[in-house]
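Me: I would like a close look at a single part of this model. Please take one contact between domains and go through it from the overall layout to the individual residues.

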Amino acid sequence: MPVVAMTVNGKPASADVEARTLLVHYIREQLGLTGTHVGCDTSQCGACVVHVDGRAVKSCAILAVQAEGAEIVTVEGLAKNGELHPVQQAFREHHGLQCGFCTPGMIMTAVDLIRRKPNLDEKTVREELEGNICRCTGYHNIVKAILAASQEMR
Amino acid sequence: MSNAAIGEGIGQPVRRKEDFRFITGNGHYTDDIARPRQTWAYFLRSPHAHAKIRGIDTKSAETAPGVVAIFTGKHVADDGLGGLICGWTVSSKDGTPMKVGPHPILAVDTVRYVGDHVAMVVAETLAEARSAAEMIDVDYETLPAAVALAACQSKDAPQVHPEAPRNTCFEWELGNKSETEAAFAKADRIVKLDLTNNRLIPNAMEPRAALGEYDKGTGTYTLHTTSQNPHVARLVLSAFVGVAPEHKLRVIAPDVGGGFGSKIFIYAEETACVWAAAKVGRPIKWTADRSEAFLSDAHGRDHLSHAELALDKNGKFLALRVKTVANLGAYLSTFSASVPTYLYGTLLSGQYDIPAIYVEVDGVYTHTAPVDAYRGAGRPEATYLVERIVETAARETGIDPAEIRRRNFIRSFPHQTPVIMAYDAGDYEASLDAAMKAADHKGFPARKAEAEKRGKLRGLGFSSYIEACGLAPSAAVGSLGAGVGLWESAEVRVNPTGNVEVLTGSHSHGQGHETTFAQLVASRLGIPMEQVEIVHGDTDKVQFGMGTYGSRSGAVGMSAIVKALDKIETKAKKIAAHLMEAAVEDIVFENGTFTVQGTDKTMPWAQLALSAYTAHGFPSAEIEPGLKEGAFYDPTNFTFPAGCHICEVEIDPDTGVTRIINFVAVDDFGTIINPMIVEGQVHGGIAQGIGQALLEHGVYDPESGQLITGSYMDYCMPRADDLPSFNLGFTKTVCPSNPLGMKGCGEAGAIASPPAIINAITDALGIRDIEMPATPARVWAAIQSRPRAAAE
Ligand code: FES
Ligand code: FES
């Protein structure tokens, strides 16, 4: 079995993995970081989004071995020194979550989106969320939260 | 804004207590739980819609790497396990009970839909279980399948169950046939409409999952599962399936990632996991992948209807008659018989005074996944029918759509409809007026003309809906065939330090009960919300409860909490009176302080709580130590949320693409505890309704019975850019039949919105009907086939 080594939420992690193991399963089952979710098997729902070297990536769409040497951040690693990230805060403030299942992926996507496009408008946010499905919120408050966070972070 | 800034009282948009764990990745969903020595289950499913099983050869699979055990229907039957049940019995017109075919946990000799469960492989890893399942050799004799609903009752249709000739499970009726016929005979006008209510696949984002465990030392089973009602699951698994006696079975529904009805039901996979855990002596985990969820979660809707509305010459409704064929799928799921009958037919009066109604519903088996409650459950189908035919009547009579509604609104309450329901309160005109204002109804002609200049087609559609929530008075549902009572329970435990645990039989899977319920308790006891913990979802903690569906947790679940709080207050006052040496009648409890009326003697809540447990010097004959009270609340009536949704669409005639320009929802939910959460419920419901109207459709190949829309590539889930932001408003008439005056808000969006959208599209195109989902292809085809005059 190949050994993969990467940095996860600032800490080194290495383990034996079967070559066919997806990054999301490695994160959830071998590292026990269950904040990252699996909502589909066709790489469309975005519940599994994490950051790989600073970019939002669907962790169900790459193998763990492909992340060799990478810097991974999951939702568990987003808050710094006990301070919630502004996007996390905005999701709570604007009721951008209900059941919470899509939320980690939404938040990780949103953080990357705000980094890429600091001047967001509603239309852009909605288009950029193409790869994240939420069944609970109708997106209304997710969009609101992301716009508010991007304002806050400007 | 912090909660300190907005206050925590009833009516405040208090930010949610549960959010912290979800936004930091610390939720505990079933699949997040792992146990030492845990094994994985994988279910081998039928690739055929209908086949005989001549034999199952598991020999080579059994020796595959990592395999722990393989179970088939024979093992289940040999162990004496019963099948899955439908908890609601519906009778046909002739008085005979519905015709029920057996619903085995694992198929015995026949498979009846693509995805039906054939064998369960338990292995060290999921990958090994899956690989081994591929090595099982099932000898199928494929048979023709009954798939297309319209054809399934014909005498040459393939049979799903021998118990149900012509695939007809029941032929149900409601209302008064002869009065309805008489009204039609004297009508000035009869409006007719054929309608399809498209099949939907629920798609909660968390797929179903189970973790079954068995403790050999105590003989106790534990099932963690994605359930909306863990106690009902335990009851069914114990009393009907026979997995274990009720007191030896613990069911826990931890954080659950959305339900929308689909997680009410007791399914084969969860049952098999907990049963087999004892057989293999190790915990068994199963999590559906999305493809399995598409195949095996109970689907929703799927009706074909013919409706006729009789009117007099002034546009007053005289009678409604309806004939519906409802798809039940291959097996009856836990509540499937109730959905197209008592949750549907009883709402056909809508907001209107219709003197006579008669509805017939045939429940029909097909070789497709079971169909059961999905957000709204029967009420969206009723609302769609009523609001589509009312709109059609407006167009055919030339009466303005708002005016024809006004002419027929029920205006005095209580109002007994011809279809069981007695509406208790409402003001339908108020929500219509408010919605028209918010939608700038007056400005619509100008907007339409402007759009026309750009070559676009605009339309406006109304939906004045009513629903019945707060399920439900136990005696009422019992008389209609329910196998359960639909009360709710609560227990309030005051700790010696004054903080409080509230145990509820309701279950939150996104609705925010930990916040709303705590808001209620905190404001009643005058303590901060953080001192209130809401406990739910565990049959070992909460004694019994009926769970969450049918928008019942506010109206029924919170009413039970109110009742328990009343008892707490009564006892606490007794203790206060004793401690402060006053008469009980003189004790006032306000803002967390007990006061002897007319004196300066007071006692804070925390001190009283402690005294309840020290119990020093209590007159033991009159006051027991401790402060803990429980209550069961059985509602006296359904609740009747109602309102008006208005949708404005713009259609591009070149592409058939429909854009929602404005979606207005004005709802009357009675008392609202937390408007932020209520708005969120409405947003989500509308999104699902827009999904039904424009995007979503569960489609089976009519010949092979294969599910064509079995993934997110083929089943069109609403994405953020398919939807607008919503424009919400509220009106309020207090519900007289529960202590808080609440009506329920969980389903209104999904119930009200589809007809508003289709009414808008048909208005824009000047056509009579278009089938849901009104995809660009369908809209474009409708534009092409319009008569020339209309097209110009
Ligand atoms: S689980 Fe990765 S996109 Fe759905
Ligand atoms: S909050 Fe439930 S899926 Fe998004």
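Reply: What follows is a walk through one domain interface in chain B.

The model is predicted. Chain B is split into four parts: domain 1 (33–143 + 206–257 + 263–296), domain 2 (145–196 + 299–412), domain 3 (434–465 + 640–792) and domain 4 (487–633). The pair to look at is domain 2 and domain 3 of chain B. Their centres, taken over C-alpha atoms, lie 20 Å apart.

Start with the extent of the interface. Domain 2 of chain B puts 32 residues in contact with 36 residues of domain 3 of chain B. The area buried between these two domains is about 2,700 Å². Carbon and sulfur atoms give 49% of that area.

Now the polar side. The rule finds 22 residue pairs in polar contact across this interface, both residues at pLDDT 80 or more. It also finds three salt bridges between domain 2 and domain 3 of chain B. One salt bridge in the model joins B:Glu396 and B:Arg768, with the closest N and O atoms 2.7 Å apart.

Next, the side of domain 2 of chain B that touches domain 3 of chain B. The elements giving two or more residues to this side are β8 (189–200), α10 (379–397) and α11 (401–408) of chain B. The largest share comes from α10(B), with ten residues. Sorted by class, this side of domain 2 of chain B has 13 nonpolar, seven polar and twelve charged residues.

Notes:
Residues are numbered from 1 along each chain as its sequence is written. Chains are lettered from A and ligands numbered from 1 in the order in which they are written. This is a predicted model: local features need pLDDT of at least 70, side-chain atom pairs count only at pLDDT 80 or more; totals for chains, interfaces and linings use all residues. Side-chain values use heavy atoms; hydrogens and water are left out. Domain bounds come from an automatic or database domain assignment. Contact means heavy atoms within 4.5 Å. Buried area is the accessible area (1.4 Å probe) that two parts lose on being put together, summed over both. A salt bridge is a side-chain nitrogen of Lys or Arg within 4 Å of a carboxyl oxygen of Asp or Glu. A polar contact is a pair of N or O atoms within 3.5 Å; within protein, one must be able to donate a hydrogen and the other to accept it, and residues adjacent in sequence count only if both atoms are side-chain atoms. Helices (H or I, at least four residues) and strands (E, at least two) are DSSP runs, numbered from the N terminus. Ala, Val, Leu, Ile, Met, Phe, Trp, Tyr, Cys and Pro count as nonpolar, Asp, Glu, Lys and Arg as charged, and the others, Gly among them, as polar.
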